[in-house]
There are 4 protein chains.
Amino acid sequence: MDEAQLADLTARCRAFRDARDWARFHSAFNLIVSLNLEAAELLEFTQWQTEQGLAERLAGDAQAKEALAHECADVMMYLLMLADAAGVDLHRAVLDKLAINETRYPVDKARGVATKYREL
Amino acid sequence: MDEAQLADLTARCRAFRDARDWARFHSAFNLIVSLNLEAAELLEFTQWQTEQGLAERLAGDAQAKEALAHECADVMMYLLMLADAAGVDLHRAVLDKLAINETRYPVDKARGVATKYREL
Amino acid sequence: MDEAQLADLTARCRAFRDARDWARFHSAFNLIVSLNLEAAELLEFTQWQTEQGLAERLAGDAQAKEALAHECADVMMYLLMLADAAGVDLHRAVLDKLAINETRYPVDKARGVATKYREL
Amino acid sequence: MDEAQLADLTARCRAFRDARDWARFHSAFNLIVSLNLEAAELLEFTQWQTEQGLAERLAGDAQAKEALAHECADVMMYLLMLADAAGVDLHRAVLDKLAINETRYPVDKARGVATKYREL
């Protein structure tokens, strides 16, 4: 599998940042705070909403879907910059965590139930 | 550029989910809530910490760095599943948002200042 | 009306803090981070839940209700300490904000609709 | 001690809500989501900031302090409404949690260290 995609997006974000001399703001600490603020922008989509209501809104309202896409992008960019700042290989980390989750949530026990692994 | 990497990670997360019959839990609504909970796990790294203190901890403590990598992975997996559920092309969204940010934060005005674009 | 209650709770939190020499950790910055972490503990109650499901759980499961009460207390204590650190009169602030909301959400326009005031 | 103050603020928030026929939106679930969004508004004060920088801003900029007061009020109002919806006595809950914290963080062990009780 090609690992170029995340590296390419990271390089673009880094170029954007460096053109503005923002590297000194981009500590792991600050990036975590900003990532949380962008996650909250996503959470706003659930305010006074139901699961069904949001699904219908995203399916029927192209503007809402685009707004969601932009908030997803904001989270992604801070996540890429955070991984970069902390020396984390994001692709590797996802593969590792999936392997951990395979053992935490065995298929026979976890099937169809949304229970935390500590309680399985 | 190859776009396979995000699609591959998404496919792996989807396979993990489907083996456990969890698709019905994975509405955009629920995924946004879970993404926020994982973002908060990252925020815990900043609790009672300073910018400098966290940077040193991540540089000097391999276990802390691995714990951060796993939380990054959790955010990433929920983000991939959210984009998937909402029909968002995450790679495209990042490129689009970078282009928007280029106009919001012109290099000559934004250089060296962490000011929101509305106030630039 | 008696204003003693919030002042009393604040004094108790301050006494708890000072007995442990924690005042130097309790900057507005750190208290905001911790308040957000406690808010996320509350958000956990909504994970993989519905509105109805959570209401039933809180009504029927005394342990869950007590766990929620403790998380509410954690948010409250950090809020009291934050107001204290920033010199904010929390009681006054709520009365002021209610007065602002009265003008932002006029009864005749806001009745029965969960719309942000900017869109009313 | 007089317990009227929190009850009075709760009654005012309830009256505001009922005049707008908003009770049906105010489930514990929805109030938790909104409380988290208001907590994130507080977190914005820490974005690209240092502990010292925020302290100075709040001390020297009356407008910033008032903005913080209003966000504190928003968190407080959702917390009061959440406690009300879930049948939680917020005052009692704080006293209970302080008593729990007294045993979790014994003065002799916790003095001067910001360590989670599980690690004390």
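These legends go with close-up views of a predicted model.

**View 1. Confidence in the model.** The model scores ipTM 0.95 and pTM 0.96. In chain A, the mean pLDDT (the predictor's confidence in each residue, from 0 to 100) is 94, with 98% of residues at 70 or more.

**View 2. Chains B and C around their rotation axis.** Chain B superposes on chain C after a rotation of 180 degrees with 0.0 Å of shift along the axis, at RMSD 0.0 Å; the fit is by least squares on C-alpha atoms of residues with pLDDT of at least 70 in both copies. The two copies are thus related as by a two-fold rotation axis. Look for B:Ala40, whose C-alpha lies 3.2 Å from the axis, the closest approach of any residue of chain B.

**View 3. The interface of chain B and chain C.** Here 15 residues of chain B are in contact with 15 of chain C, contact meaning heavy atoms within 4.5 Å. All of it is shared: 100% of the interface residues of chain B are also interface residues in chain C, so the copies meet through the same surface. No salt bridge is found across this interface (a side-chain nitrogen of Lys or Arg within 4 Å of a carboxyl oxygen of Asp or Glu).

**Notes.** Residues are numbered from 1 along each chain as its sequence is written, and chains are lettered from A in the order in which they are written. Local features need pLDDT of at least 70, side-chain atom pairs count only at pLDDT 80 or more, and totals for chains, interfaces and linings use all residues, while side-chain values use heavy atoms, leaving out hydrogens and water.
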